[in-house]
Every structure is written in structure tokens, then in C-alpha cells.
Amino acid sequence: MHAFLFAATAILWGSSAIVTGHQAVSGAPEVSVGYRMALVSLIMFGWCLASGQKLGLRAVDRPWVMLQGVLFFGLAFITFYHATTLIPSGIAALILSTSSLFAALVGWLFLSAPVTGRTVAGILAGVVGLAIIALPQLAATVSGIASDAAVTQSSLVGAVLAVAAAFCTGCGTVVAMRNQRGGMPIAALISWAALFGALFSFLLAVLGQMSFRVEVSAEYLMGLAYLAVFSSCLTFFMYFSLVQRIGAASASYTLALVPVVALILSALFENLTLDAYILAGSAAVLVGNVLVLGGQGRPAPSAASLQMGEERS
């Protein structure tokens, strides 16, 4: 059962990137994210009511839950959706996986979470990996010899958007850590945060005068259902079931496998060429993730009691 949960979680999360790429071009990404998060929130609220979980928020927690929703379920997904319209979904997912590195840094800055030498090495490896992946595009842009300058520039913009998604995810994860330590049931927390993320996404769409119409096709609706039900709600329950069975530190290694799945699918269905730069950069990023994630949930050498033991919501 442990192996099944581990593999299923990595596969479902990893496959969500390529589905996201199809969703992002079927309408304004802000609108698609809003619809997805609204559906996630509806499902999670229904689960909480059916299971008798409390849904009330303390006044002191409301701004923090709203911030988690805006960062994690709003900005992170919106920037990632935009990124997948400019670069292959596998590369976008690989860059997004560096969110654990950002979470470690932000957690250290704002929650006094311990940062060990292993974590620092992981962060450096992740940065080197991203640099290796971006090097060919950057060199082509600087030298001006790219066969298609517009494509090269759009690829760089896509990479920057994916980094922004990773940063927002990392920040949202740290806020989620604060909220979970406040004693809120995880399912209730996700219900509210997803709702705030949906409202934020719709607000951006209104302010940007975007159309709320999307390509209402069987492919779009199936993709929306897959992302909301399987890649969000179902995977969430499987992941935290894995955390309960084998511990947070061991379960977190599924997050390191997600970009591997995404890259394989992108190579198969998006004609992504896994050249030497991508392979070398991916290896460095994955090593960085393993180093950072492997250090989570372990006591710090000092007397500090705070630990980076909470996982992505």
C-alpha cells in the first residue's frame, strides 16, 4: 500500500502539468484557475460537512488563511498556467519543484526554521540547475543569433513565470505551515484557502476585463475535473495518508519525483527534446530537492523547536 500511494501521488501530481498546459490555452488562465479552485473548494467543503469537521475560522487566522489562498491557490497557479503557454509543461514543472528551496529560505527568514548545511547545499544545487537549463536560451538572446528571437524571448519569460510560481508556492507553503500550527484541520484550511484563491483569481479577471468564457469542450471539462478532483483533492488525501504511514520526511520525496513524471510526459506528448542542458540541469534541481526535502522533519542541532516538518498543501 505504501508503494502504491507513493507512486500514485507522484504520477497524479506529475501528470497535472501537461493537463494544465491544455487548460491554459482554452481561456484566460485567471479564469481557468478560478473555476478549478472553486470546484476544489466546493468538494472540500462538502467533505468537511460530511465528515463533521469544523469549518469556523478564528478572527486572528482569517488574514493568514486569505494570504495562503492568494499566494498558493491564486498567484502560484496563475503564473504556472501562464508559464505552460510559453514553455513545455515538463520544464515548467521542473522549475516549479524548486518551491521547496524557496520555502526553506522563507521559513528561515520568517519562522526561524533551521537551515542546515544540507539545505544550503540543496538550494545552491537548485540554483545551478536552473542556470544550466536557462543557459542556452540566455546565450542565444545575448548573442542575437537565435533562429527565432521571439520564441527565445518567450521561453525566457515562461521560465521567469515558472520561477515566480515556485516563489509564490514556497511563500504559500510557509503561510500554510503557520496556519496548520494554529490547529486548523487541514481539510478545512484547504477549503477556505481554495475559496480565497478562486475569488482572487476571479477578481484579477474582472480587473483585467477578461472574458469568463472558456472553450467548453469535453477535453476542457475532463481536464478541469481531473485537475480539481484527482490532482488536487484525491492526491491531497493520498499524500497526507502517506505522511501518516511513513512520516513527513519520507513522504516528501514524492515531490522530488513529480518533475520526473512531468518531463517524461512532456517528452512523449509535447515533443520536448531532453538535451544535455535539460538533463544536467534537471539532475542538479532534483539533487537539490532531495537534499532540502530530506532534511525536513529532522530536529535542528540547536535548541530551536521549530522545524520544517509541514508539507505542501
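Which residues have the most contacts inside the largest nonpolar core? The legends below take up this question first and then turn to other parts of the predicted model.

**Figure 1. The whole chain is built from helices, as this overview of the predicted model shows.** The secondary structure comes to 12 helices and 0 strands, so that reading along the sequence gives the pattern α-α-α-α-α-α-α-α-α-α-α-α. Of the 313 residues of the protein, 51% count as buried, while the surface that the protein exposes amounts to about 13800 Å², with carbon and sulfur atoms supplying 72% of it. Among the contacts with a separation of 6 or more, 86% are between residues that lie 24 or more positions apart in the sequence.

**Figure 2. The largest nonpolar core of the protein has 35 residues.** Inside this core, the residues with the most contacts are Met44, Val65, Phe73 and Phe77. The elements that each give two or more residues to the core are α1 (2–24), α2 (29–51), α3 (62–84), α8 (186–207), α9 (218–246) and α11 (253–269), and the largest share, 10 residues, comes from α8. A second core, separate from this one, has 21 residues, including Ala17, Phe80, Ile91 and Leu94.

**Figure 3. A close-up of Met44 shows which residues it touches beyond its neighbours in sequence.** When the residues within four places of Met44 in the sequence are left aside, Met44 is in contact with Ala187, Ile190 and Ser191, and also with Cys233, Phe236 and Phe237. Met44 is also one of the residues with the most contacts inside the largest nonpolar core.

**Figure 4. Three aromatic residues, Tyr35, Phe202 and Phe212, form one cluster.** This view is centred on the cluster made by Tyr35 together with Phe202 and Phe212. A search of the whole structure, rather than of this region alone, finds 9 aromatic pairs.

**Figure 5. A nonpolar patch lies on the surface of the protein.** The patch is formed by Ile43, Val229, Phe230 and Leu234, which together have about 280 Å² of accessible area. Helix α9 provides the largest share of the patch, 3 residues, whereas Ile43 has its place in helix α2. Is Ile43 buried, partly exposed or exposed? Ile43 counts as partly exposed because its relative accessibility is 30%, and the partly exposed class lies between the buried residues, under 20%, and the exposed residues, over 50%.

Definitions and conventions. Residues are numbered from 1 along each chain as its sequence is written. This is a predicted model: local features need pLDDT of at least 70, side-chain atom pairs count only at pLDDT 80 or more; totals for chains, interfaces and linings use all residues. Side-chain values use heavy atoms; hydrogens and water are left out. A nonpolar core is a set of buried Ala, Val, Leu, Ile, Met, Phe, Trp, Tyr and Cys residues joined through side-chain atoms within 4.5 Å. Buried means under 20% relative accessible area, exposed over 50%, partly exposed in between (1.4 Å probe, protein chains only). Helices (H or I, at least four residues) and strands (E, at least two) are DSSP runs, numbered from the N terminus. Contact means heavy atoms within 4.5 Å. Rings of Phe, Tyr and Trp (its six-membered ring) pair if their centres lie within 6.5 Å; planes under 30 degrees apart count as stacked, over 60 as edge-to-face and the rest as tilted. Patches are made of residues with over 30% relative accessible area and no salt bridge: like charges are joined within 9 Å, nonpolar side chains (Val, Leu, Ile, Met, Phe, Trp, Tyr) within 5 Å. Accessible areas come from the Shrake-Rupley method with a 1.4 Å probe; for residues, only the protein chains shown count as cover. A salt bridge is a side-chain nitrogen of Lys or Arg within 4 Å of a carboxyl oxygen of Asp or Glu.
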